[in-house]
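Work through the following exercises with the sequence and the structure open beside you, and try each task before you read its solution.

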Amino acid sequence: MTKNIERIIPQPLAPGMVGDGFRVYNYIPGGDNPATSVPQQRISPFLLLDFAAEVDFAPSNRARGVGVHPHKGFETVTIAYKGSVAHHDSAGNSGVVHPGDVQWMTAGAGILHKEYHEENYSKKGGPFEMVQLWVNLPKKDKLTKPHYQAITADQVTKLVLENNQGQVNVIAGTVNGTTGPAQTYTPVIAANLDLNTGAQFTTATPSGYNTALLVIKGSVEVNGQSAPNHSFVLFANEGEEINITATESATLLLLSGEPINEPIAAYGPFVMNTKEELIQSIHEAQSGKFGTLK
Ligand code: MN
């Protein structure tokens, strides 16, 4: 049975800045407007989706970005399309996320990090396009030791579509029999669909999973409805099949996950289950329990 579409949400009117390096449109949880917001419980296990839609940064000798900040109780996933991001954390890890790479960071019990334009990209400037996704952790895993999965472009699993229709790049979960490299704590599907003009692609996710598509590039028809550039297709929890026709060359981010049916207590970069845990988390961050980072 074809999946019903609950809403097609257009690109938000105005971007916001995260630090001075990330000009993002926020789709999850979105603003206060019920027509365009996507509440965290509705789209669980996804907590946040910021899309840094393509923008040109001028060359700069000073790397733009966001300074030291904490995360606790969930995972941050950085998916790079254009431009490169460097990161450092309080556990001594660092790295660069290049186009096609994915950084899947499990903040778990708490970490400090900073994220900014990689030095060479920054000096050269040019197009920058990225997604940051936050994935919740179930209560039993919230205090897991922080760690990374640095997934390089060549490690993302490719499913080449027949008749030159394009390619599916599976990051997590299984799409049409192809499984991505990311390890997740609850069932999550994340994949980029690169479709050539005229491509017809069919996939399916369980009706009980919360499922959405973000149109990163181009425009498509999804289950007979038009999904314009930078729109967000939120599927109802009915039906399984998704039929996509690329009316032009398109890139889509497919997200689907089994809901975590637990209370969400969120305050900025802390996502726990109760208010008491939130207060404790803020104390921990302030008292240096997450380590130090300059
Ligand atoms: Mn961060």
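**Exercise 1. The second largest pocket**

Task: In this predicted model, find which residues lie nearest the centre of the second largest pocket, and then work out which elements and domains supply its lining.

Solution. Begin at the centre, where A80, Y81, G100, N192 and D194 lie nearest among the 20 residues that line the second largest pocket. Next, move outward to the strands: the elements that give two or more residues to this lining are β6 (74–82), β14 (166–172), β17 (188–195) and β19 (210–217). Of the contributing elements, β6 gives the most to the lining of the second largest pocket, with four residues. Then turn to the domains, and you will find that domain 1 (14–155) and domain 2 (156–262) each provide at least three residues of the lining. Finish with the chemistry and the volume: the lining divides into nine nonpolar, four polar and seven charged residues, and the second largest pocket has a volume of about 300 Å³.

**Exercise 2. The largest pocket**

Task: Describe the largest pocket by its volume, by the residues closest to its centre and by the classes of its lining residues.

Solution. The volume of the largest pocket is about 350 Å³. Of the 24 residues in its lining, V18, F22, V24, D50 and Q132 are the closest to the centre. Looking at the strands, you can list β2 (16–18), β3 (22–28), β4 (46–57), β5 and β11 (126–136), each of which supplies at least two lining residues. Sorting the lining of the largest pocket by class gives 16 nonpolar, six polar and two charged residues.

**Exercise 3. The manganese ion**

Task: Which protein donors belong to the manganese ion, and how are they spaced along the chain?

Solution. First identify the atoms: H69, H71 and H113 each donate through NE2, while E115 donates through OE, and these donors lie 2.1 to 2.3 Å from the manganese ion. Written along the chain, the donors follow the spacing H-x1-H-x41-H-x1-E. Two of these donors show how distant parts of the chain are linked, for H71 sits in strand β5 (residues 65–71) and H113 in strand β10 (residues 111–117), 42 residues apart. As a last step, ask whether these two histidines are buried or exposed. Residues under 20% relative accessible area count as buried; H71 has 2% and is therefore buried, and H113, at 0%, is buried as well.

**Exercise 4. The cavity**

Task: Determine how many cavities of 30 Å³ or more the structure holds, and which residues line the largest cavity.

Solution. The structure holds one cavity of 30 Å³ or more, and the largest cavity has a volume of about 30 Å³. Its lining is made by T78, V85, H87, V97, Q103, H113 and E115. The elements that give two or more residues to this lining are β7 (85–89) and β10. By class, the lining of the largest cavity has two nonpolar, four polar and one charged residues. Compare this list with the previous exercise: H113 and E115 line the largest cavity, and H113 and E115 are also among the donors of the manganese ion.

**Exercise 5. Aromatic pairs**

Task: How many aromatic pairs does a search of the whole structure find, and why do the pairs Y27 with F232 and F74 with W134 count as tilted?

Solution. The search finds five aromatic pairs. For Y27 and F232, the ring centres are 5.8 Å apart and the planes meet at 35°, so the pair is tilted. This pair links distant parts of the chain, because planes aside, Y27 is in strand β3 and F232 in strand β22 (residues 232–235), 205 residues apart. Both partners are buried, since Y27 has a relative accessible area of 2% and F232 has 1%. For F74 and W134, the ring centres are 4.5 Å apart and the planes again stand at 35°, so this pair is tilted too. F74 lies in strand β6 and W134 in strand β11, so the pair ties together parts that are 60 residues apart in sequence. F74 is buried, with a relative accessible area of 0%, and W134 is buried, with 12%. To complete the picture, note that F22, F57, Y121 and F128 form one aromatic cluster.

**Exercise 6. A residue at a strand**

Task: Where is T174 found, and is T174 buried or partly exposed?

Solution. T174 is found in strand β15 (residues 174–175). With a relative accessibility of 38%, T174 counts as partly exposed. Its C-alpha atom is separated by 8.8 Å from that of V188, which stands 14 residues apart from T174 along the chain.

Key. Residues numbered from 1 in each chain as written. Predicted model: local features only at pLDDT ≥ 70, side-chain atom pairs only at ≥ 80, totals over all residues. Heavy atoms only, no water. Donors = N, O, S within 2.8 Å, 3.2 Å for Na, K, Ca; no water. Buried < 20%, exposed > 50% of the residue type's maximum accessible area, 1.4 Å probe, protein only. 1 Å grid on protein atoms, 1.4 Å probe; cavity = no way out; pocket = protein on both sides within 12 Å on 5 of 7 lines; lining within 4 Å. Points joined across faces, edges and corners; volume = space filled by probe spheres on them. Nonpolar A, V, L, I, M, F, W, Y, C, P; charged D, E, K, R; others polar. Domains from an automatic or database assignment. Phe/Tyr/Trp six-rings, centres within 6.5 Å; stacked < 30°, edge-to-face > 60°.
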